[in-house]
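Colleague: Could you give me a close look at one part of this model? I would like to know what sits around it and how it fits into the whole chain.

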Amino acid sequence: PLRDVYKRQVFEAACAEAAEADAEAGDDADAGIKAYLLMKPPFLTESEAVEDMISSIERCADVDGCHTVSMNPCNVQRYTMVDELYFRDGYRPPWLWSVAHVLEQTADVDAIVVSDPVGHGSDRGPHNCQECDDRVQKAIKDFDLRQDPTVFEQVSCECEGTWEVVMERERSFNQPLTR
C-alpha cells in the first residue's frame, strides 16, 4: 500500500541523513540507523513470520546507513489485542527455533543482525519446549556477540521436529497448532 511506500521512503531518508552525518564527522563519530523489527505480529503463521522477517532484514540491510537490525520476537503483554488472542488460543509467540533460523539465514547481510527475545522460555514469550529454551537462547546471545551462525549447529532438541511440522502445516486464519 501507499502508506508502506511512504514509511520506506522516510526510513531510507533517515538512513541517508545518518550516513551523511557520519561522513561529515569523519573518524570522530560512527552515526547510523538501528532498525527495530517485530517478529510474528498477530495473524501471521510461523512460516509467514519467518519469511517476512528474513525479507525485512534483507531490505533494511540494503539501505545505506542502516548498520544494525534488531529482530524483536513478539511477546504477550497484558491488556493488548495479542493478549486477547492468546487467551482464546488464537496466538502463539514465535518459536526460538524461528529466531535462530532467521539469524542463520541473514548472517551474510550487510548489517549486524541481533535479537534478544524478551520473556524467552515462558508461555507468553518466544519459546520452544521448555527443555531447550535456555540452550537456544544462549546460542542466540552467542550469535549476537560473534555474528557466527555455526553456534546454532551446537544446539538441538526433539521439539525441532515439531517446529518443522508447524512451519510446513500451519495455515493462515487458523488457530496455532501448538502452545
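Modeller: Start with Lys 40, which counts as buried at 3% relative accessibility (buried is under 20% relative accessible area, exposed over 50%, partly exposed in between, with a 1.4 Å probe and protein chains only). The model is predicted, so local features need pLDDT of at least 70 and side-chain atom pairs 80 or more, while totals for chains, interfaces and linings use all residues. Numbering runs from 1 along each chain as its sequence is written, and side-chain values use heavy atoms, without hydrogens or water.

Lys 40 is in the loop between S1 and H2. Strand S1 covers 33-39, and helix H2 covers 46-61. (Helices are DSSP runs of H or I with at least four residues, strands are runs of E with at least two, and both are numbered from the N terminus.) What is the phi of Lys 40? Near 65 degrees, a positive value in a residue other than glycine. Most residues other than glycine have a negative phi.

Set Tyr 79 beside it. Tyr 79 also has a positive phi without being a glycine, at about 60 degrees. Its place is the loop between S2 and helix H3 (81-87). Is Tyr 79 buried or exposed? Exposed, with a relative accessible area of 80%. So one of these loop residues, Lys 40, is buried, whereas Tyr 79 is exposed.

Now the main part, helix H4. Helix H4 spans residues 96-105. Seven of its 10 residues are buried, so H4 is largely enclosed by the rest of the structure. Which ones? The buried residues are Leu 96, Trp 97, Ser 98, Val 99, Ala 100, Val 102 and Leu 103. What do they pack against? S1, H2 and S2 are partners, and so are strand S3 (112-115), helix H5 (133-146) and helix H6 (159-169).

Look at Ser 98 within H4. Its relative accessible area is 0%, so Ser 98 is buried. The side chain of Ser 98 reaches the side chain of Glu 46 in a polar contact of 2.6 Å (a pair of N or O atoms within 3.5 Å; within protein, one must be able to donate a hydrogen and the other to accept it, and sequence neighbours count only if both atoms are side-chain atoms). Leave out neighbours within four places in sequence, and Ser 98 is in contact with Met 39, Glu 46, Val 50, Trp 163 and Met 167 (contact means heavy atoms within 4.5 Å). Glu 46 therefore appears both as a polar partner and in the list of contacts of Ser 98.

Strand S2 is another packing partner of the buried H4 residues. S2 runs over residues 66-73 and holds Thr 68. With a relative accessibility of 8%, Thr 68 counts as buried. The side chain of Thr 68 makes a polar contact of 2.5 Å with the side chain of His 67. Residues up to four places away aside, Thr 68 touches Ile 33, Lys 34 and Ala 35. Thr 68 also touches Ala 111, Ile 112 and Val 114.

Step back to the whole chain. The domain assignment gives domain 1 (1-31) and domain 2 (34-169), with bounds from an automatic or database assignment. How far apart are the centres of domain 1 and domain 2? They are 26 Å apart, taken over C-alpha atoms. Across the boundary, six residues of domain 1 are in contact with seven residues of domain 2.
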